[in-house]
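Trainee: Please choose one part of this model and take me through it closely. I would like the terms explained as you go, with their cut-offs.

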Amino acid sequence: LKGMFLSKLRAHDEANQAFATAVQIDLNLAKAWAQWGFFNDRRLSEDPNNISFANNAISCYLQAAGLYKNSKTRKLLCRILWLIGMDDTSGSLASAFDSFRGEIPVWYWITFIPQLLTSLSHKEAGMVRQILIRIAKSYPQALHFQLRTTKEDFAVIQRQTMAAVSNPRLAAGGDVQNSTGTRQPWEYLDELNGILKTAYPLLALSLESLVDQINQKFKTSSDEDLFRLVNVLLIDGTYNYNRLPYPRESPKLPASTETNLVRFSENLLPPHIRVKFNADFIDSKPDFETYIKRLRHWRNRLENKLDRAPKVENMEKLCPHLSNFHHQKFEDIEIPGQYLLNKDNNTHFVKIARFLPHVDFVRGTHASYRRLTIRGHDGSLHSFAVQYPAVRHSRREERMFQLYRLFNETLSKNVQTRRR
């Protein structure tokens, strides 16, 4: 308390000494370590070039995070995750992180798995790798789905990098090279995947079979893909049209839109639809207004066609493996998404008992999807939408949900905000 008052009075040396005395009296006092970390963090904001303040803050935060053992830990881990990204060329922050020998709150790091996986492509990858390995060994189901998704994202970058390296002109020019000898992010991901499969082989096999079956059996039809594509083009076209200046006299389509139409036609459309699509949007060279009217006509026709599709499908016919999943699994699998709820432990997490026999078909405003329902071992029902959105949309939703959960946790502590 004395250190907090002195820091408010900007008596920095006396405050630092008071915090040091406090932790010497009781090394297990989490609040003293946390406040000492906040003190150094504020000093860093006043003097950003002094990396020693960041070094001290990380050491204090790590001590406090290991002692709290409750939801207060997450606020400290947020700061640690931000601070380790400021490391200098000498690696002083990495040294402070590696030299910590106290208890690491692995459970509370689960909240930040998306950020940890993203950090594997930055300079703090070495520090993040240690945390992810601990998570993989202690809570494999928390990491599996996020790890798989991140591997798919990095697979595209890996192919581009390999293609650039194999190009002698680029390799000679030095555009793509790894001069520092550091590991690539997909190498860290392969290492983590190997740890999961080695430590929990039967669990990994059950999870992989679950995801593969959903990927294979719940793919969208050509009409559903076209419906989603037409809506994307319509939203983009309406947005660009509304930005045009007045007067609008038969404006032509932008070159980028024409390029997208050609690419969509060649890569995404089935042959029996491509002919009509090319005739309406590419060969006839429509102006902007005609283009939007034709897109609306296509959208309305596709809506009518999808509305005539069966609203309920049989799981046993659609995916026999999931229908008999409760007989074929090797390990108990928890309902996905529970690790994102900021709970204090996974003792009471619901496990999958079986998949219900009916799959719902839902046509939304801009896309369609299938909804499957899982019954938990406690009798509860959990519905999941099987969607195929763009990667940037799903990542954005993931980060926003994560942010809202952290806000809710803070707002719930206040009587007035909790009442609202």
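Mentor: What follows is a look at the charged pairs that involve one helix, after a few words on the chain as a whole.

This is a predicted model, in which local features need pLDDT of at least 70 and side-chain atom pairs count only at pLDDT 80 or more, while totals for chains, interfaces and linings use all residues. Residues are numbered from 1 along each chain as its sequence is written, and side-chain values use heavy atoms, with hydrogens and water left out.

The chain has 420 residues, of which 40% count as buried (under 20% relative accessible area; exposed is over 50% and partly exposed lies in between, with a 1.4 Å probe and protein chains only). Along the principal axes, its C-alpha atoms fill a box of roughly 80 × 60 × 55 Å. The chain contains 22 helices and 5 strands (DSSP runs, H or I over at least four residues for helices and E over at least two for strands, numbered from the N terminus).

Side chains of opposite charge can pair when their charged atoms come close. The structure holds 17 salt bridges, each a side-chain nitrogen of Lys or Arg within 4 Å of a carboxyl oxygen of Asp or Glu.

One of these pairs joins the side chains of arginine 148 and aspartate 212, with 2.9 Å from N to O. Arginine 148 belongs to helix 10 (residues 140-166) and aspartate 212 to helix 13 (residues 201-217), so that this salt bridge links distant parts of the chain, 64 residues apart. The two partners fall into separate classes of exposure: arginine 148 counts as buried because its relative accessible area is 18%, whereas aspartate 212, at 28% relative accessibility, counts as partly exposed. This pair also has a place in a network of salt bridges, in which Arg148, Glu152, Glu208 and Asp212 are linked.

Helix 10 takes part in another pair, in which the side chains of lysine 151 and aspartate 190 meet in a salt bridge at 3.6 Å, again from N to O. Here the partner lies in helix 12 (residues 185-199), and the two residues, again from distant parts of the chain, are 39 residues apart. Lysine 151 counts as partly exposed because its relative accessibility is 29%, and aspartate 190 is also partly exposed, with a value of 43%.

Taken together, these pairs connect helix 10 with helix 13 through arginine 148 and with helix 12 through lysine 151.
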